[in-house]
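Biologist: I am new to this structure and would like a close look at a single part of it, taken slowly. Please choose one place to begin, describe it carefully, and then work outward to the parts that can be linked with it.

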Amino acid sequence: EQWSATNETSYCSKTVYLCRRHLEKEVFSFKDCSMITKKRLTKQMMTLICSVTLAACGQAPTVQTNSEYEVMGITTSDRELQTTYSASIRGRQDIDIYPQVSGFLTKLCVEEGQSVRKGQVLFIIDQVPYRAALQTAEANVEAARASVATAQLTYDSKKELFAQNVISEFDLQTSYNNLLTARAQLAQTEAQRVSAANNLSYTEVKSPADGVVGTLPYRVGALVSASLPKPLTTVSDNSDMYVYFSMTENQLLDMTRRYGSKNKALEEMPSISLILNDKSTYPSQGKIETISGVIDTSTGTVSLRAVFPNKDGLLQSGGSGNVVVPVQKRNCIVIPQAATYELQDKVFVFKVIDGKAQSAPVDVTRVNGGKEYIVDNGLSVGDIIVAEGVGLLREGTPIQPKSASSAAQPTANQQTKED
């Protein structure tokens with residue numbers, strides 16, 4: 001049997017083992033003794049074994065291990081933070097199409113999702129009553145013109161008679177007033193004709209801009225008017241897409257201070273990315289165009305608008321996603337997440353001071369998926385911290401920095417196993 005005297009457990013086990021072997025020899029050496037005598041001897045020997053074992057374990061040597069830990073010196077570096085915001089996607093123009101006149105739909109000229117050009121006819125409303133109204137207005141114009149011509153002849157005749165002192169000035173002025181009335185009626189009927197012509201043109205509902213047709217909730221035969229609860233459709237200009245998202249007031253203040261002003265921020269901010277609803281990244285990057293000047297008092301946020309190109313038509317108005325806004329951090333302190341531990345929602349590190357571990361709270365910002373922390377407060381350049389194994393450390397634990405040879409040994413062993 002090989003025994004190690006450097007381990008406390010092995011030391012006690014050795015003592016118990018030797019005593020047990022000695023007991024077996026003593027008990028079985030009294031073969032001729034009675035059973036009572038054997039039991040008495042066994043009891044005495046067990047008492048002796050317990051006493052010897054306790055004494056031996058109490059005197060077992062305690063081994064003080066000198067563990068080595070990987071440490072790191074605090075320096076500064078540059079990092080890029082990525083902040084994600086929920087966003088809604090809208091077309092450059094989302095125009096709700098309502099009819100300007102009432103009537104029954106007689107024709108749908110487009111399909112849902114169809115691309116249309118500015119001025120293209122989308123719907124046709126029953127035109128019969130509006131054609132009749134236009135013809136009536138045109139007839140009234142002709143009648144008014146005839147009245148004007150008659151009034152003009154009367155006035156000219158009265159004027160000659162007045163020059164010959166045949167009629168009074170009152171009669172001349174009356175004929176002139178009748179001419180003015182006829183002219184006013186002509187202007188009125190002409191305005192009515194223009195209104196009737198416009199109403200007839202409004203029976204053809206046209207697209208006000210280039211875009212894509214949305215849903216069509218109304219079909220042929222439906223009675224429509226300007227007071228519809230829902231629009232006939234929505235035409236969205238999807239050539240470029242607007243993406244709206246919100247920042248908190250504190251985030252807006254931080255961004256404004258970083259760039260100097262909101263205008264400079266809009267000019268100097270880097271391009272942003274868009275994460276679609278299926279978690280894929282949109283291939284083209286966008287640019288923040290506007291920042292609202294009013295903070296929503298109900299949410300405490302301010303709205304921002306970014307624009308993304310949509311040449312392939314992948315983005316649809318009404319969609320949702322997340323925008324990723326990069327922020328450059330220069331000369332910041334970056335530590336690995338493995339060098340920290342959390343206690344009561346606070347993050348701590350172990351500084352190495354006079355060769356011993358001393359815990360210190362730090363304020364951090366998670367980066368690189370949480371694998372690294374940017375330390376905002378709690379550490380200074382030149383500090384030494386424990387870089388790994390902090391979960392097993394205690395306050396005041398002696399820290400012996402891991403040497404280069406010790407750090408390289410596991411790597412060499414692993415490489416040997418792979419070979």
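Modeller: In this predicted model, strand β16, residues 346-353, pairs with β17 in the antiparallel sense over 7 bridges. One place where the pairing can be followed residue by residue is Phe-348, whose bridge partner in β17 is Pro-361. The two strands form a hairpin with 2 residues between them, and in that turn Asp-354 has a positive phi of about 55°. β17 has a further partner in strand β18, residues 372-377, to which it is joined by 5 bridges, again with the strands running antiparallel. Here Arg-366 can serve as a marker, since its bridge partner in β18 is Tyr-373. Taken together, β17 is paired with β16 and also with β18. As background for reading such strands, in a regular strand the side chains alternate between the two faces of the sheet.

β17 also leads to the largest pocket, where it is one of the elements that each supply at least two residues of the lining, alongside β3 (76-97), α5 (249-259) and β14 (320-336). About 420 Å³ of space lies in this pocket. The lining comprises 23 residues, and the closest to the centre of the pocket are Leu-81, Thr-83, Asp-254, Arg-258 and Val-327. By kind, the lining divides into 10 nonpolar, 7 polar and 6 charged residues.

Moving outward, another set of strands can be read in a similar manner, this time with β13 as the link. Strand β10, residues 233-248, and strand β13, residues 301-309, pair in the antiparallel sense over 9 bridges, and within that pairing Asp-240 has Pro-309 of β13 as its bridge partner. Strand β12, residues 287-291, is likewise joined to β13, here by 4 bridges and with the strands running antiparallel; Thr-290 has Arg-305 of β13 as its bridge partner. In the loop between β11 (273-276) and β12 lies Lys-279, which counts as exposed because its relative accessibility is 66%, above the 50% cut-off. Lys-279 and Gly-321 are 42 residues apart in sequence, although their C-alpha atoms are 8.2 Å apart in space.

A further group of strands makes an open sheet of 4 strands in the order β7-β6-β4-β9, with antiparallel pairing. Its edge strands are β7 and β9 (223-224), each of which pairs on one side only. Inside this order, strand β4, residues 103-108, and strand β6, residues 121-125, run antiparallel and are joined by 3 bridges, with Lys-107 standing opposite Ile-124 in β6.

The edge strand β7 (204-206) also brings us to the helices, for what covers the buried residues of α4 includes β7 together with α3 (128-163). Helix α4, residues 169-202, has 34 residues and reaches 50 Å from its first C-alpha to its last, close to the 50 Å expected at 1.5 Å a residue. The 36 residues of α3 should span 52 Å at 1.5 Å a residue, and its end C-alpha atoms are 53 Å apart, which agrees. Just after α3, Asn-165 takes a positive phi of about 60°.

The buried residues of α3 pack against α4, and they include Tyr-130, Leu-134, Ala-137, Val-141, Ala-144, Val-148, Ala-151 and Tyr-155. On the side of α4, those buried include Leu-172, Ser-175, Leu-179, Ala-182, Leu-186, Thr-189, Ala-196 and Leu-200. An α-helix has 3.6 residues a turn, so residues three or four places apart point the same way. Ser-175 of helix α4 offers a detailed view: it counts as buried because its relative accessible area is 3%, under the 20% cut-off. Beyond residues up to four places away in sequence, Ser-175 touches Ala-151, Thr-154, Tyr-155 and Lys-158.

As a last step back, the secondary structure of the protein chain comes to 7 helices and 20 strands, and 29% of its 419 residues count as buried. Among contacts between residues at least 6 apart in sequence, 73% join residues at least 24 apart.

Conventions. Residues are numbered from 1 along each chain as its sequence is written. This is a predicted model: local features need pLDDT of at least 70, side-chain atom pairs count only at pLDDT 80 or more; totals for chains, interfaces and linings use all residues. Side-chain values use heavy atoms; hydrogens and water are left out. The expected span of a helix is 1.5 Å times one less than its number of residues. Buried means under 20% relative accessible area, exposed over 50%, partly exposed in between (1.4 Å probe, protein chains only). Contact means heavy atoms within 4.5 Å. Two strands pair if DSSP finds at least two bridges between them. On a 1 Å grid over the protein atoms alone, a cavity is a set of points where a 1.4 Å probe fits but cannot get out, and a pocket is an open set with protein on both sides within 12 Å along at least five of seven lines; lining residues have an atom within 4 Å of a point. Grid points are joined across faces, edges and corners, and a volume is the space filled by probe spheres set on the points. Ala, Val, Leu, Ile, Met, Phe, Trp, Tyr, Cys and Pro count as nonpolar, Asp, Glu, Lys and Arg as charged, and the others, Gly among them, as polar.
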